[in-house]
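Thanks for coming, everyone. I'll walk you through one model this morning. Please have the sequence and the structure open in front of you.

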Amino acid sequence: MTAKKVLASIFPLLFIGFGAFFLFKASIPQVFKAIEQQSFVQVEAELIETNLEWRLNDSDKYIYALSAIYEYEFNDVQYSHKREETDVRDTTYHYMTKSNKEAILQEWKEEEAKAFYIDPSEPEKIQKLQDIGAAFWALLIGLPSLFVLVGILMIVGVFKHKKIDYASIAEPWLFKTNWKNKHISCNTIASNRGMIIVTVFWNLFAFTMFGIMVNKYGIDSTELLLIIIFPIVGLGLLLSTFSKIIDLTKNGTAYLELDPFPGSIGGHFGGVIFFNKVLPKNSIVELKLNCIKVTISSGSNKNRRETLLWQTSGFVYLNKDSKSGQFRFDIPSELKPSDLTRKGIHWHVVSTISYDNGHFERQFEVPMYETSKKSSISVASEEHPEAKRFAIDLINDVTEFTEKESGYTLRFPNFRILKTFLVFGSFLGGGLLALVYFNLQDQFLPFLFNIGFGFIGAIFFSIAIFEGFYTLKVDLEPEKIKVCHKWLGIPFKIKSILKDEMAEFKIGPYLNSDTNSGKHTAYHKVSLICNERKTAVAIRLKNRATAEQMKDFFDQYYNL
């Protein structure tokens, strides 16, 4: 038994521990309680007295107390039970609240009979009967049992796994199941399978906990606000999963046959992409080839990080059957080959199929090794007729391009480039600030939560608002370039650079291109470097092809 296997067992043991804890703390006690309440006896009670009182608390709010006294008989002995309900309301609406509470008392009085359950061994105590349906029992027992089973299977997998020294093998790519038959399938089915598993587990856990809280506190209790986010996220996962399943059903899968096989560093990465369904009319297939370095941090958290090392893009030359097409890319010799372990160098192909009414993606992990082999495919994807037009369309998506007498004006509204992230940030920040506001009203969370949630919400919301209304304006004139930063249309930073001061335009990563998510997203920037090697202008763009087209335009205009 190695230390790595012991560490790898920690996560499965957490699954087993969570399942066992839930079984012994929630499931099994509920089973015993259900067995115990089989002996409860139902008795009918008569309403004797009702009362409504209110008083001010320390926060200058009224506490309303409703009470009713019932009498019931068991084995010829009379017993009484006091029913009480309290509520805290603002003094502003006292008369309205008082009227509502009096209406509730009237409903109690109009009840013909009130049924209670008692334990024959303690008839003086009213017992709360829990009516749990079969579906809830299945979740209560099945969910933690499933966690325990999955944890055990994961531990068995850890200890059955044998490490292979791929560096000493002549053709390591043959050890990967999806590569050895030269038929490389897209990862859509595998990722959907993983998404379904995550969605099922999350929703089982979220709605089970939500059901337990509703059963304990009632549907209108403020305690539910503590866990309502989990079912909401679960519904979002369900929506996302269903959309992926619909996409797979509608558009089908795809696979690659490489020529040469494997892809060749210092040579070509080429081949044919096949789709199992006919593509829509006028479809355009763009391929992005990414070289990514994956690192996994040491320690207990094992954070996975991806860094984009190199990227190129081009288009597929579709065949007449609209189910297949050829592609080819030139691969520089200084790049590194694929690793078969979880970390190291990984090569990914992202295929985006665009047509009149939409688009969809298919992704592949591909083998790339130092073979220096050339492809028999004679046409380069970077030289496809669609490449330049597509890059220009991408520029039009992110900028407002205006020609004037002395040059050009380019406006870059940030919302066009960071739309998804800005919407997410504003909703997350606004949601946390709203939670703090309601907590200040009803105080259902400790005061420290206000500070923490308020600080995080303010950061996310402020960044989203600033970035969302930020615009970069670039004026190109024959002898200079003028840059103006605006927020809500108000300039706050202006800079002019003479042509004599310009050294070059270059493309680089914006801040960094790291991500902890499985799906890689990188931002690029086109920078103007002055003679002092300082960055004078930096334009943030999401797509590499957009950045390259923008750089070519600047180079031609200023003849650098």
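In what order do the five strands of the open sheet come? Read across, the order is E6-E7-E9-E13-E12, and the pairing is antiparallel. Now the edges. Strand E6, residues 184–185, and strand E12, residues 317–318, each have a single partner strand, so one side of each is left without a neighbour in the sheet. Take the E12 edge. E12 pairs with strand E13, residues 324–330, over two bridges, in the antiparallel sense. Tyr317 has Gln326 in E13 as its bridge partner.

Before going further, a word on confidence. This is a predicted model. Mean pLDDT for the chain is 78, and 82% of its residues reach 70 or more. There is a weak stretch. Over residues 511–522, pLDDT stays under 50. The model has 28 contacts for that stretch beyond four places in sequence. Where pLDDT is low, the predicted coordinates should not be read in detail. Please keep that in mind when you look at 511–522, where pLDDT is under 50.

Next, strand E14, residues 344–355. Is E14 enclosed or open? Of its 12 residues, 11 are buried, so E14 is largely enclosed by the rest of the structure. What does it pair with? Strand E10, residues 284–296, pairs with E14 over 11 bridges, antiparallel. In that pairing, Glu286 stands opposite Thr352 of E14. E14 also pairs with strand E15, residues 358–366. Nine bridges join E14 and E15, and the two run antiparallel. Val350 has Gln363 in E15 as its bridge partner. E14 and E15 make a hairpin, with two residues between them.

Now a helix. H3 covers residues 94–110, which is 17 residues. From first C-alpha to last it reaches 24 Å, close to the 24 Å expected at 1.5 Å a residue. Which residues of H3 are buried? They are His94, Thr97, Lys101, Leu105 and Trp108. Why do they fall on the same side of H3? They cover an arc of only 80° around the axis, which puts them there. The general rule helps here. An α-helix has 3.6 residues a turn, so residues three or four places apart point the same way.

What do the buried residues of H3 pack against? They pack against three strands: E1 (41–56), E2 (61–74) and E3 (77–90). Turn to the other side of H3, and Tyr95, Met96, Glu107 and Glu110 are exposed.

H3 brings us to charge pairs. How many salt bridges does the count come to? Nine. I'll show you some of them.

Start with Lys98 and Glu102. Their side chains meet in a salt bridge, 2.8 Å from N to O. Both residues lie in H3, four residues apart, about one turn of the helix. Lys98 is partly exposed, with a relative accessible area of 21%. Glu102 is partly exposed too, at 37% relative accessibility. There is also a network here. Asp87, Arg89 and Lys101 are joined into one by salt bridges that share partners.

Within that network, Asp87 and Arg89 meet through their side chains at 2.9 Å, N to O. Arg89 is partly exposed, at 43% relative accessible area. Remember Lys101 from earlier: it is one of the buried residues of H3.

One more pair. The side chains of Glu84 and Lys82 meet in a salt bridge at 3.6 Å, N to O. Is Glu84 buried or exposed? Exposed, with a relative accessible area of 57%. Lys82 is partly exposed, at 49%.

Last stop, Leu23. This residue sits in helix H2, residues 10–36. Leu23 counts as buried, because its relative accessibility is 17% and the cut-off for buried is under 20%. Which C-alpha atom should you look for beside it? Try Leu140. The C-alpha atoms of Leu23 and Leu140 are separated by 8.0 Å, though the two residues are 117 apart along the chain. What is Leu23 in contact with, leaving aside its neighbours within four places in sequence? The partners are Ile28, Pro29, Ile141, Pro144 and Ser145.

That's the tour. I'm happy to take questions.

Key: Residues are numbered from 1 along each chain as its sequence is written. Side-chain values use heavy atoms; hydrogens and water are left out. The expected span of a helix is 1.5 Å times one less than its number of residues. Buried means under 20% relative accessible area, exposed over 50%, partly exposed in between (1.4 Å probe, protein chains only). The arc is that of the directions from the helix axis to the C-beta atoms. Contact means heavy atoms within 4.5 Å. pLDDT is the predictor's confidence in each residue, from 0 to 100. A salt bridge is a side-chain nitrogen of Lys or Arg within 4 Å of a carboxyl oxygen of Asp or Glu. Two strands pair if DSSP finds at least two bridges between them.
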